[in-house]
Amino acid sequence: MSQGLRKYAPETVSALVVAAVTLAAWAGWLGWDQHRDEHPDGSTTGPYEAWQVIGLVLTLLVPVCWAAYRRLFASAVVGTTAGLTVASFYDWSDDGSGLFMIGVMMVAAGSLAATVALSAVIAALTREGRRAGA
């Protein structure tokens, strides 16, 4: 393997691992629930409950923090964003209206913003920790 490819291998592998963990977390927390709840007034909610989304977010903190702590910021951001975008596209693509793409783009934008912010916080904290420990 050339030196150039070897340089990017850890980042690429960790991005794929984070994306796979993200896909598995989506399937575990949200993928099984496809039922909308009908209320007595005729309104519907769902298919996801708040606890499912909170569980997904808390679960995804682990791989994002792991990658960011290891200074693999692109893996944390790209892996999580790609995983959530692919999972939401697959899960919602049976919507006949075509409006699911708006939701998918919102998931992509939200996960990108959240993972960039979290990675920046972790980078700042680890930089301060390394400076204090040095």
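## Briefing: pockets, helices and four residues

At 12% relative accessibility, threonine 81 falls under the 20% cut-off and therefore counts as buried. Bear in mind that this is a predicted model. Threonine 81 is a handy way in, and the pockets, the record's annotations and three further residues follow below.

**Threonine 81**
- This residue sits in helix 3, which covers 73-92.
- Its side chain reaches back to the backbone oxygen of valine 77, at 2.8 Å.
- Leaving aside residues up to four places away in sequence, threonine 81 touches Ala108, Ser111, Leu112 and Thr115.
- One of those contacts, Ser111, turns up again among the residues closest to the centre of the largest pocket.

**The largest pocket**
- Rolling a probe the size of a water molecule over the atoms shows where empty space is left.
- The volume of the largest pocket comes to about 350 Å³.
- Its lining is made of 18 residues, and the closest to the centre are Val57, Leu60, Leu84, Ser111 and Ala114.
- Which helices supply at least two residues each to this lining? Helix 1 (3-31), helix 2 (50-69), helix 3 (73-92) and helix 4 (100-133) each do.
- By class, the lining breaks down into 14 nonpolar and four polar residues, with no charged ones.

**The second largest pocket**
- Here the volume is about 200 Å³.
- The residues lining the second largest pocket are Gln34, Arg36, Pro47, Tyr48, Asp91, Trp92, Asp94, Asp95 and Phe100.
- Sorted by class, that lining has four nonpolar residues, one polar and four charged.

**Arginine 36**
- One of the residues lining the second largest pocket, arginine 36 lies in the loop that runs between helix 1 and strand 1 (37-38).
- Is arginine 36 buried, exposed or partly exposed? Its relative accessibility is 47%, so arginine 36 counts as partly exposed.
- Arginine 36 and glycine 46 are ten residues apart in sequence, yet their C-alpha atoms are 4.8 Å apart in space.
- Arginine 36 also touches Thr45, Gly46 and Pro47, once residues up to four places away in sequence are set aside.
- Pro47 is thus both a contact of arginine 36 and part of the lining of the second largest pocket.

**Valine 104**
- Over in helix 4, valine 104 has a relative accessible area of 1%, so valine 104 is buried.
- Its contacts, again without residues up to four places away in sequence, are Thr85, Ser88, Phe89 and Trp92.
- Trp92 also helps line the second largest pocket.
- Valine 104 and valine 86 are 18 residues apart in sequence and 8.4 Å apart from C-alpha to C-alpha.

**Arginine 71**
- The loop between helix 2 and helix 3 is home to arginine 71.
- Most residues other than glycine have a negative phi.
- Arginine 71 has a phi near 65°, a positive value in a residue other than glycine.
- With a relative accessible area of 38%, arginine 71 is partly exposed.

**What the record says**
- An unreviewed UniProt entry lists residues 12-30, 50-69, 76-93 and 99-125 under "transmembrane region".
- In the model, residues 12-30 are 100% helix and 0% strand, with the end C-alpha atoms 26 Å apart.
- Residues 50-69 are likewise 100% helix and 0% strand, and 28 Å separates their end C-alpha atoms.

Definitions and conventions
Residues numbered from 1 in each chain as written. Predicted model: local features only at pLDDT ≥ 70, side-chain atom pairs only at ≥ 80, totals over all residues. Heavy atoms only, no water. 1 Å grid on protein atoms, 1.4 Å probe; cavity = no way out; pocket = protein on both sides within 12 Å on 5 of 7 lines; lining within 4 Å. Points joined across faces, edges and corners; volume = space filled by probe spheres on them. Helix = DSSP H or I, 4+ residues; strand = E, 2+ residues; numbered from the N terminus. Nonpolar A, V, L, I, M, F, W, Y, C, P; charged D, E, K, R; others polar. Buried < 20%, exposed > 50% of the residue type's maximum accessible area, 1.4 Å probe, protein only. Contact = heavy atoms within 4.5 Å. UniProt positions renumbered as here; feature names shortened; annotations may be inferred. Polar contact = N/O pair within 3.5 Å; in protein donor to acceptor, adjacent residues only side chain to side chain.
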